[in-house]
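Hello,

Here is the structure I promised to pass on to you. Please have a look at it first, and then read my notes below.

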Amino acid sequence: MFAKCNYNLTLTNPKPEVKSIVLRAFIFDIMKFFIPLLYLLNFSFSYAQIEINSELFQTLKAKDSLLFDRAFNACESNYLQELISEDFEFYHDQSGITNSKETFLIGMKQGICNPNNPTKSRRELVGTLKVFPLFDNGKLYGAIQMGTHRFFEKTGNTPEHAGSTAAFTHLWIMENNEWKLTRVLSYDHKSNSVIKNETLVTLSLSELKKFTGSYEAPTTGKVTISIEDGSLFIQAGKMQSKLITKGEFTFSHDQAPLTFEFIRNEMGNITKLKVFENGNLVEEAIKID
């Protein structure tokens, strides 16, 4: 396991200076093995999953928001143009491979974002993202972003209903100092009939805290979001209720057909709260504090 050592440490009555030279040579030979080992151990621990408050995590979380909240949910295709690499490939466990940026953009335009398509889709993140940086000799060149998301569908004026959940893995590469989405893996799709009885999300107190504060709605007036007994709590007019966590930014009422969706800006900060009843938008409150 160690490098071969040719140093005889059993010399008979060696002179002090000779013994010192031999000992230093022996230690140097041992360190040639241990230093690379320690470096590799440090490398493996330093470049594992990063903390959610790190700059890289927050940057890619904001990219995820633009990719789905704006490009997918709102069909603002200009964000897809900016975020996706020219060297783009998409691997889906049910619909196969899309091997170019152009093909993917055409598919979005003719499918989900077709204005003549009566069915509209919405995506929400389930749980928390995971980000793993990629280095080349210590230089950051890319990152792997992983998570789970859930999809909802709405046709015409019918109430929105849950579709499927799926796992995703995104490969982001730094191109000309800009993060570009290069590879997408979408897999482990589960239909609503499979997941309807599963508990999908648990958010920590620190994650819930970002929603707390005062909101102002045109009809309801002041809306206050706080934390009570480890859950979000809403006070709006006569309504005082605990909210049930359904996604990273989506909550529901335990006794009414209401869905509460918190909206972020490009920096990942909460800016408003949308309230849906039976899938229809009934109120929108702006965060004021």
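**What I found**

In the protein chain, residues 24 or more positions apart account for 49% of the contacts with a separation of 6 or more. Please keep in mind that this is a predicted model. The protein chain has six helices and 14 strands, and buried residues make up 37% of its 289 residues.

**The barrel**

Eight of the strands form a closed barrel, in the order β7-β8-β9-β10-β11-β12-β13-β14, and the pairing is antiparallel. From one strand to the next, the twist averages 30 degrees. As background, the strands of a sheet pair through backbone hydrogen bonds, in either a parallel or an antiparallel way.

If you would like one pair to zoom in on, try strand β10 (residues 239-245) with strand β11 (residues 250-253): they pair in the antiparallel sense over three bridges. Across this pair, Leu243 stands opposite His253 in β11.

**Ser85 and Arg183**

Next, two residues that you can look at together. Ser85 is found in strand β1, while Arg183 lies in strand β6 (residues 178-191). In sequence Arg183 and Ser85 are 98 residues apart, yet in space the C-alpha to C-alpha distance is 8.7 Å.

Is Ser85 buried or exposed? Ser85 has a relative accessible area of 2%, and the cut-off for buried is under 20%, so Ser85 counts as buried. Leaving out residues up to four places away in sequence, Ser85 touches Lys101, Glu175, Lys180, Leu181 and Thr182.

Why does Arg183 count as partly exposed? Its relative accessibility is 22%, and partly exposed covers the range between the 20% and 50% cut-offs, so Arg183 falls in that class. With the same sequence neighbours left out, Arg183 touches Asp87, Phe88, Glu89, Tyr91, Thr169, His170 and Leu171.

Asp87 has a polar link to each of these two residues through its backbone. The backbone nitrogen of Asp87 lies 3.0 Å from a polar atom of the Ser85 side chain, and the backbone oxygen of Asp87 lies 2.7 Å from a polar atom of the Arg183 side chain. Arg183 also has a polar contact of 3.4 Å with Glu89, side chain to side chain.

**Rings**

Finally, the aromatic side chains. How many aromatic pairs are there? The count comes to 10 aromatic pairs. One of them is Phe90 with Phe104, which is stacked, with 5.7 Å centre to centre and 25 degrees between the planes. This pair links distant parts of the chain: Phe90 is in strand β1 (residues 84-92) and Phe104 is in helix α4 (residues 101-110), 14 residues apart. Phe90 and Phe104 are both buried.

Elsewhere, one aromatic cluster is formed by Phe211, Tyr215, Phe249, Phe251 and Phe262.

Two arginines are also worth displaying with their rings:

- Arg122 has its charged end over the ring of Phe152, 4.6 Å from the ring centre.
- Arg123 has its charged end over the ring of Phe68, 3.6 Å from the ring centre.

Happy to talk any of this through whenever it suits you.

Best wishes

Technical notes. Residues numbered from 1 in each chain as written. Predicted model: local features only at pLDDT ≥ 70, side-chain atom pairs only at ≥ 80, totals over all residues. Heavy atoms only, no water. Phe/Tyr/Trp six-rings, centres within 6.5 Å; stacked < 30°, edge-to-face > 60°. Helix = DSSP H or I, 4+ residues; strand = E, 2+ residues; numbered from the N terminus. Buried < 20%, exposed > 50% of the residue type's maximum accessible area, 1.4 Å probe, protein only. Lys NZ or Arg CZ within 6 Å of the ring centre and 35° of its normal. Pairing = 2+ DSSP bridges. Axes fitted to C-alpha atoms, helices over the stretch in contact; angles between N-to-C directions. Polar contact = N/O pair within 3.5 Å; in protein donor to acceptor, adjacent residues only side chain to side chain. Contact = heavy atoms within 4.5 Å.
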